[in-house]
Amino acid sequence: MHESSKAQQIIEIVSELMTTDPTLAKKKLTKVTLEMGRPYIVSPDSLEFYFAELIKITPWPCATLSCIESKELGPELIIKSIEVDDLDTQEDLADGNHGTKKCSDQEQCDRER
Amino acid sequence: MEITVLKNVLIKNNAIGNDNRSLFNKNKIFVANIISSPGAGKTTLLESTLAYLTSRYRVAVIEGDLYTSRDAKRLQPFNIPIVQINTEGGCHLDARMIHGAVQSLPLDNLDIILIENVGNLVCPASFDLGEDLRILMYAVTEGTDKPQKYANIFAGAEVILVNKVDLADLCHIDLSELVDEVRSVNEKAAIFPISALKQETLVEWQQFFEEKVKAKKNE
Ligand SMILES: Nc1nc2c(ncn2[C@@H]2O[C@H](COP(=O)(O)OP(=O)(O)OP(=O)(O)O)[C@@H](O)[C@H]2O)c(=O)[nH]1
Ligand SMILES: [Mg+2]
């Protein structure tokens with residue numbers, strides 16, 4: 001429950017970035033790196049699990065979440081960075097599906113991960 | 001291509017929390033967020049304190065509960081504005097819920113808002129509601145070992161009310177040992193041993209609280 005709402009908040013923040021930053025218009029999200037300080041306020045495994053589930057209904061269903069520990073942080077969660085790739089095809093762009101089409105089946109996602 | 005973001009995941013909650021705080025400051029309302037595990041005695045404390053507070057101040061209560069409005073019903077005899085928030089399974093109140101709840105309160109006619117959070121010793125720790133004072137209520141029946149187990153919530157409290165001290169002997173709880181445990185994760189919090197059922201144990205705590213309320217009024 002707790003991890004699921006945190007995963008949802010992470011997705012909302014990166015979605016806003018992906019859709020409002022014009023330099024990211026022709027990119028697809030591939031990875032989000034999250035920094036966590038001790039004591040942890042969420043379980044990293046559980047957060048990654050819920051992220052993988054919730055990201056499926058976004059335009060970037062293959063994006064992954066990676067949680068890393070930061071010695072400088074306290075009990076906080078900071079989105080450190082995102083990784084993006086060029087959209088795969090002209091077709092994707094024309095469809096405005098930001099890579100959804102290519103990633104929509106699980107096998108493709110697993111290969112990309 | 002990697003792009004640096006550096007955004008706190010709670011950025012949205014914190015922004016709304018700050019909006020709430022500005023609204024409360026503008027109206028000079030003192031807001032307390034009462035957190036505890038289920039059954040530690042939050043509503044009992046409200047029941048014991050409201051008669052005194054409402055004789056001197058204009059008070060409203062926001063009640064957080066998963067599904068019921070039982071606690072709000074217990075407070076109805078005080079005839080004050082009460083807003084019920086049902087989180088429908090959610091384990092904490094967040095700033096957005098409080099923002100919604102205060103819309104139905106007479107903000108220009110209040111001195112104090114008391115928020116009873118959902119009973120939980122983990123999740124409410126991360127959510128700023130815009131409060132002036134974060135109160136952790138902890139019952140001696142929960143044992144002496146919990147401060148380190150639930151370090152975030154103990155570390156973030158400005159006041160720790162050690163409740164049910166009337167049961168300390170029965171539960172084999174050494175109060176000084178419990179205070180040492182609290183101090184191992186929070187050096188600064190004001191600690192008050194109380195029994196929410198016994199008025200005479202609440203005097204010192206109520207004085208402390210009232211001073212905070214007055215300080216805000218005089219800001
Ligand atoms: N012995 C004793 N019992 C207390 C004290 N304070 C509360 N209780 C009892 O503890 C039980 C739970 O109290 P509540 O006030 O409902 O606890 P709560 O924290 O509001 O519970 P939730 O809202 O469900 O999380 C009730 O039976 C109270 O009578 C106290 O100081 N001493
Ligand atoms: Mg209650």
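This is a short talk on how the strands, helices and magnesium site are arranged in a predicted model with chains A and B.

Let me begin with the sheet that both chains share. Four strands form an open sheet in the order S2(A)-S1(A)-S3(A)-S1(B), and the pairing within this sheet is mixed. The edges are taken by strand S2 of chain A, residues 64-69, and by S1 of chain B, each of which pairs on one side only. From one strand to the next, the twist averages 25°.

If we now go through the pairs, strand S1 of chain A, residues 27-36, is joined to strand S3 of chain A, residues 77-86, by nine bridges, and these two strands run antiparallel. As an example from that pair, A:Leu29 has A:Val84 as its bridge partner in S3(A). S1(A) is also joined to S2(A), in this case by six bridges and with the strands running parallel; here A:Met36 is partnered by A:Glu69, and A:Glu35 by A:Ile68. The pairing that crosses from chain A to chain B is the one between S3(A) and strand S1 of chain B, residues 2-8, which is antiparallel and extends over five bridges, with B:Asn8 in S1(B) as the bridge partner of A:Ile78.

Two helices of chain A should be added to this picture. Helix H1 of chain A, residues 2-20, packs on the sheet and touches S1, S2 and S3 of chain A together with S1 of chain B, while its direction makes about 50° with that of S3(A). Helix H2 of chain A, residues 44-54, lies across S1 and S2 of chain A and runs at about 165° to S2(A). As for the burial of S1(A), this strand is mostly covered, with eight of its ten residues buried.

I turn next to the other sheet, in chain B. This is an open sheet of seven strands with parallel pairing, and its order is S4-S3-S5-S2-S6-S7-S8. Strand S4, residues 82-86, and strand S8, residues 190-193, each have a single partner strand, so one side of each is left without a neighbour in the sheet. With direction ignored, neighbouring strands here are turned by 20° against each other on average. To take one pair in detail, strand S6 of chain B, residues 133-139, and strand S7 of chain B, residues 159-163, run parallel and are joined by five bridges, and the partner of B:Ala139 in S7(B) is B:Asn163. Helix H8 of chain B, residues 203-217, lies across S2, S5, S6, S7 and S8 of chain B, running at about 140° to S2(B).

Which residues coordinate the magnesium ion, ligand 2? They are B:Thr43 through OG1, B:Asp71 through OD and B:Glu116 through OE, at 2.0 to 2.1 Å. Along the chain, these donors follow the spacing T-x27-D-x44-E. Distant parts of the chain are linked in this way, since B:Thr43 lies in helix H2 of chain B, residues 42-56, and B:Glu116 lies in strand S5 of chain B, 73 residues apart. Are these two residues buried or exposed? B:Thr43 counts as buried, because its relative accessibility is 4% and the cut-off for burial is under 20%; B:Glu116, with a relative accessible area of 3%, is buried as well.

There is also a helix pair in chain B to describe. The axes of helix H1, residues 11-26, and helix H4, residues 95-102, come within 8 Å and cross at roughly 35°, and the crossing is left-handed. Among the residues that meet are B:Ile16, B:Leu23 and B:Phe24 in H1(B), and B:Ile98, B:His99 and B:Val102 in H4(B). By class, this contact has six nonpolar, four polar and one charged residues.

I will finish with one loop residue, B:Ser126, which is placed between S5 and S6 of chain B. B:Ser126 is buried, with a relative accessible area of 12%. Leaving aside neighbours within four places in sequence, B:Ser126 is in contact with A:His2, A:Lys6 and A:Ile41 from chain A, and with B:Leu10 from chain B. The C-alpha atoms of B:Ser126 and B:Asp94, which are 32 residues apart along the chain, are separated by 9.1 Å.

Notes:
Residues are numbered from 1 along each chain as its sequence is written. Chains are lettered from A and ligands numbered from 1 in the order in which they are written. This is a predicted model: local features need pLDDT of at least 70, side-chain atom pairs count only at pLDDT 80 or more; totals for chains, interfaces and linings use all residues. Side-chain values use heavy atoms; hydrogens and water are left out. Axes are lines fitted to C-alpha atoms, for helices over the stretch in contact, and angles run from 0 to 180 degrees between N-to-C directions. A crossing is left-handed if the near helix is turned anticlockwise from the far one by less than a right angle, and right-handed if clockwise. Contact means heavy atoms within 4.5 Å. Ala, Val, Leu, Ile, Met, Phe, Trp, Tyr, Cys and Pro count as nonpolar, Asp, Glu, Lys and Arg as charged, and the others, Gly among them, as polar. Two strands pair if DSSP finds at least two bridges between them. Donors are N, O and S atoms within 2.8 Å of the metal (3.2 Å for Na, K and Ca); water is not among the atoms, so sites may look incomplete. Buried means under 20% relative accessible area, exposed over 50%, partly exposed in between (1.4 Å probe, protein chains only).
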